[in-house]
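Colleague: Could you walk me through this protein, step by step? I have some questions about how its pieces fit together.

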Amino acid sequence: MKEIAPSKQSAAKTVYATLKILNEAGGQLAGKEVINRIRNSVSFSEWEKQIYEKTGNVRWESILHFYTIDAIKAGFMRKSKGLWYITNEGKQALSFEPLKLLDTISKAYIQWAAGNNSEKQKKDNEITEFEEHKTQSLKANLDLLEEQAINGIKDYIFSKN
């Protein structure tokens, strides 16, 4: 049997937990709250709890943010202004086992990227797999920073009342 990389195992359980939490919350929740609920309901290895050097954040959180992009491209969830939403497709995907869910969203991302690459190739701007991975990492970091900014603004406003 093929051994599964720790990052894939972490991604599988946290993406699945994300969709489950969003579904149980009625379909939407602040990203910060989703992270808190995962932190309190999912058990993590010491490796997953370490700070990930590339992002400066906890490893499992970085992995989750990276793979939520795949879930978005698969149509299973959306993010907007710090809120995360589960779609009807995401609710249906909860019938998958976590690793099958991860495989499904990863394939959806690859299909999306291939479609974008074919458009870019028409403009003689071929993107390598490394560059695509880098783009996905940058998008994950941007999403995380946007959420942190929105949460910071909300906290500041609430502290003034």
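Modeller: Happy to; what follows goes from the overall layout to the sheet, the helices and one single residue.

Colleague: Thanks! In what order do the elements of the protein run from the N terminus on?

Modeller: Please keep in mind that this is a predicted model. The protein has seven helices and five strands. From the N terminus on, they follow one another as α-β-α-α-β-β-α-β-β-α-α-α.

Colleague: What share of the residues in the protein is buried?

Modeller: Let me start from the outside: the protein exposes about 10000 Å², and carbon and sulfur atoms supply 53% of that area. Among contacts with a separation of 6 or more, 63% join residues 24 or more positions apart. As for burial, the protein counts 161 residues, and the buried share is 37%.

Colleague: On to the sheet, then. Which strands are its edge strands?

Modeller: Three strands make an open sheet with antiparallel pairing, in the order β1-β5-β4. An edge strand pairs on one side only, and that applies to β1 (28-30) and β4 (77-80). From one strand to the next, the twist averages 20°. The edge strands are thus β1 and β4.

Colleague: Which residue in β5 is the bridge partner of Leu-29?

Modeller: Strand β5 covers residues 83-86, and its antiparallel pairing with β1 runs over three bridges. Look along β5 for the residue bridged to Leu-29, and you arrive at Trp-84.

Colleague: And on the other side of the pairing, which residue in β5 does Met-77 stand opposite?

Modeller: β4 and β5 run antiparallel and are joined by four bridges. The two strands form a hairpin with two residues between them, and Lys-81 in the turn has a positive phi of about 50°. As for Met-77, the residue opposite in β5 is Ile-86.

Colleague: Nice. At about what angle to β4 does α4 run?

Modeller: Two helices are worth setting side by side here. α2 lies across β1 and β5, at about 90° to β1. α4, in turn, lies across β4 and β5, and its angle to β4 is about 115°.

Colleague: Why do the buried residues of α2 line one face of the helix?

Modeller: In α2 (residues 31-41), the buried residues are Gly-31, Val-34, Ile-35 and Ile-38. An α-helix has 3.6 residues a turn, so residues three or four places apart point the same way. The face turned away from the buried side carries the exposed residues Asn-40 and Ser-41. Seen down the axis of α2, the buried residues line one face because they fall within an arc of 100°.

Colleague: How far apart are the axes of α1 and α2?

Modeller: α1 passes α2 in a right-handed crossing. Where they meet, Thr-14, Ala-17, Thr-18, Ile-21 and Leu-22 in α1 touch Val-34, Arg-37, Ile-38 and Ser-41 in α2. Helix α1 (residues 6-24) packs against α2 at an angle of about 115°, and the distance between their axes is 10 Å.

Colleague: One last residue: is Glu-61 buried or exposed?

Modeller: Glu-61 sits in helix α4 (residues 59-73). Beyond its neighbours within four places in sequence, Glu-61 contacts Ile-35 and Arg-39. The cut-off for burial is under 20% relative accessible area. Glu-61 has a relative accessibility of 14%, so this residue counts as buried.

Conventions
Residues are numbered from 1 along each chain as its sequence is written. This is a predicted model: local features need pLDDT of at least 70, side-chain atom pairs count only at pLDDT 80 or more; totals for chains, interfaces and linings use all residues. Side-chain values use heavy atoms; hydrogens and water are left out. Buried means under 20% relative accessible area, exposed over 50%, partly exposed in between (1.4 Å probe, protein chains only). Contact means heavy atoms within 4.5 Å. The arc is that of the directions from the helix axis to the C-beta atoms. Accessible areas come from the Shrake-Rupley method with a 1.4 Å probe; for residues, only the protein chains shown count as cover. Two strands pair if DSSP finds at least two bridges between them. Axes are lines fitted to C-alpha atoms, for helices over the stretch in contact, and angles run from 0 to 180 degrees between N-to-C directions. A crossing is left-handed if the near helix is turned anticlockwise from the far one by less than a right angle, and right-handed if clockwise.
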